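Thanks for coming, everyone; I would like to walk through one chain this morning, starting from its overall layout and ending with individual side chains. Please have the sequence and the model open while I talk.

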Amino acid sequence: INAEYMGLIDGDMYQMDRRSVSNILNLGGTVLKTARCLPFRTDEGMETAYQNAKKHGLDGLVVIGGDGTFTGALRFSQKYPDIAVIGVPGTIDNDLYGSTYTLGFDTATNTQKKKKKKKKKN
């Protein structure tokens with residue numbers, strides 16, 4: 001699903017396979033694009049997302065993100081329990097309750113450490 005919840009609302013989805021994910025590890029960030037999605041916060045937007053998920057044969061969602069992503073995932077799973085939702089913590093803030101580290105946090109902190117070290121050398 002491209003662009004997180006907006007892609008679910010717009011039906012912007014494609015199947016990923018080995019070929020589509022090869023050589024992305026070294027890119028960092030996200031290849032699926034991320035975006036805040038105000039329409040997903042509305043009942044109408046969430047209903048459209050649900051209908052598109054059903055139309056595309058989805059029976060589950062794996063969401064990767066922070067507090068906003070998890071809030072949307074919780075609301076969606078409560079409203080539409082026939083679609084399983086799994087959340088993977090992914091935020092450079094490392095501010096999700098119950099998680100020690102999140103995807104992105106280690107990269108962000110190590111990047112800053114490297115920048116500081118480089119700056120001290122110069």
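Before I count anything, a word on what is being counted: helices and strands here are DSSP runs, with at least four residues of type H or I for a helix and at least two of type E for a strand, numbered from the N terminus. What you are looking at is a predicted model, and on that definition the chain has five helices and two strands. Read from the N terminus on, the elements run α-α-α-β-α-β-α.

Let me give the overall dimensions next. Along its principal axes, the C-alpha trace of the chain spans about 55 × 35 × 20 Å, and the chain exposes about 9,000 Å², of which carbon and sulfur atoms supply 53%. Of the 122 residues in the chain, buried residues make up 24%. As for contacts, if we take those with a separation of 6 or more, residues 24 or more positions apart account for 61% of them.

Now to the interior. Which residues touch the most other members of the largest nonpolar core? That core has 16 residues, and the ones in question are Tyr5, Leu8, Phe40, Ala49, Phe76 and Ile83. The elements that give two or more residues to this core are α1, covering 4–10, α3, covering 43–55, β1, covering 60–65, and α4, covering 67–79, and it is α3 that gives the most, with four residues. If you would like one residue to click on, take Ala49, which touches Leu8, Ile9, Phe40 and Phe76 once residues up to four places away in sequence are left out of the count.

From the core I move to the charged side chains, where the structure holds three salt bridges. Two of them share an aspartate, since Asp43, Arg75 and Lys79 are linked in a network of salt bridges. Asp43 forms a salt bridge with Arg75, with the closest N and O atoms 3.7 Å apart, and this pair links distant parts of the chain, Asp43 being in helix α3 and Arg75 in helix α4, 32 residues apart. Asp43 also forms a salt bridge with Lys79, where the closest N and O atoms are 3.2 Å apart; here too distant parts of the chain are linked, with Asp43 in helix α3 and Lys79 in helix α4, 36 residues apart. As for their surroundings, Asp43 is partly exposed, with a relative accessible area of 46%, Arg75 is partly exposed at 30%, and Lys79 is partly exposed at 36%.

The remaining bridge is made by the side chains of Asp82 and Lys54, which meet at 3.0 Å, N to O. Asp82 lies in the loop between α4 and β2 and Lys54 in helix α3, so this pair ties together parts that are 28 residues apart in sequence. Asp82 counts as partly exposed because its relative accessibility is 41%, and Lys54, at 39%, also counts as partly exposed.

Two loop residues deserve a look. Thr91 lies in the loop between β2, which covers 84–89, and α5, which covers 105–121. Is Thr91 buried or exposed? Its relative accessibility is 10%, so Thr91 counts as buried, given that buried means under 20%. Leaving out residues up to four places away in sequence, Thr91 touches Gly65, Gly66, Leu96, Thr102, Leu103, Gly104 and Phe105. The other is Tyr14, in the loop between α1 and α2, the latter covering 18–21; at 40% relative accessibility, Tyr14 counts as partly exposed. Tyr14 also belongs to a nonpolar surface patch of about 410 Å², made together with Met16, Val21, Leu27 and Val31.

I will finish with the C-terminal helix, α5. How many of its 17 residues are buried? The count is one, so α5 is hardly covered. On its geometry, the 17 residues of α5 should span 24 Å at 1.5 Å a residue, and the end C-alpha atoms are 25 Å apart, which agrees.

Notes:
Residues are numbered from 1 along each chain as its sequence is written. This is a predicted model: local features need pLDDT of at least 70, side-chain atom pairs count only at pLDDT 80 or more; totals for chains, interfaces and linings use all residues. Side-chain values use heavy atoms; hydrogens and water are left out. Buried means under 20% relative accessible area, exposed over 50%, partly exposed in between (1.4 Å probe, protein chains only). Contact means heavy atoms within 4.5 Å. A nonpolar core is a set of buried Ala, Val, Leu, Ile, Met, Phe, Trp, Tyr and Cys residues joined through side-chain atoms within 4.5 Å. Patches are made of residues with over 30% relative accessible area and no salt bridge: like charges are joined within 9 Å, nonpolar side chains (Val, Leu, Ile, Met, Phe, Trp, Tyr) within 5 Å. Accessible areas come from the Shrake-Rupley method with a 1.4 Å probe; for residues, only the protein chains shown count as cover. A salt bridge is a side-chain nitrogen of Lys or Arg within 4 Å of a carboxyl oxygen of Asp or Glu. The expected span of a helix is 1.5 Å times one less than its number of residues.
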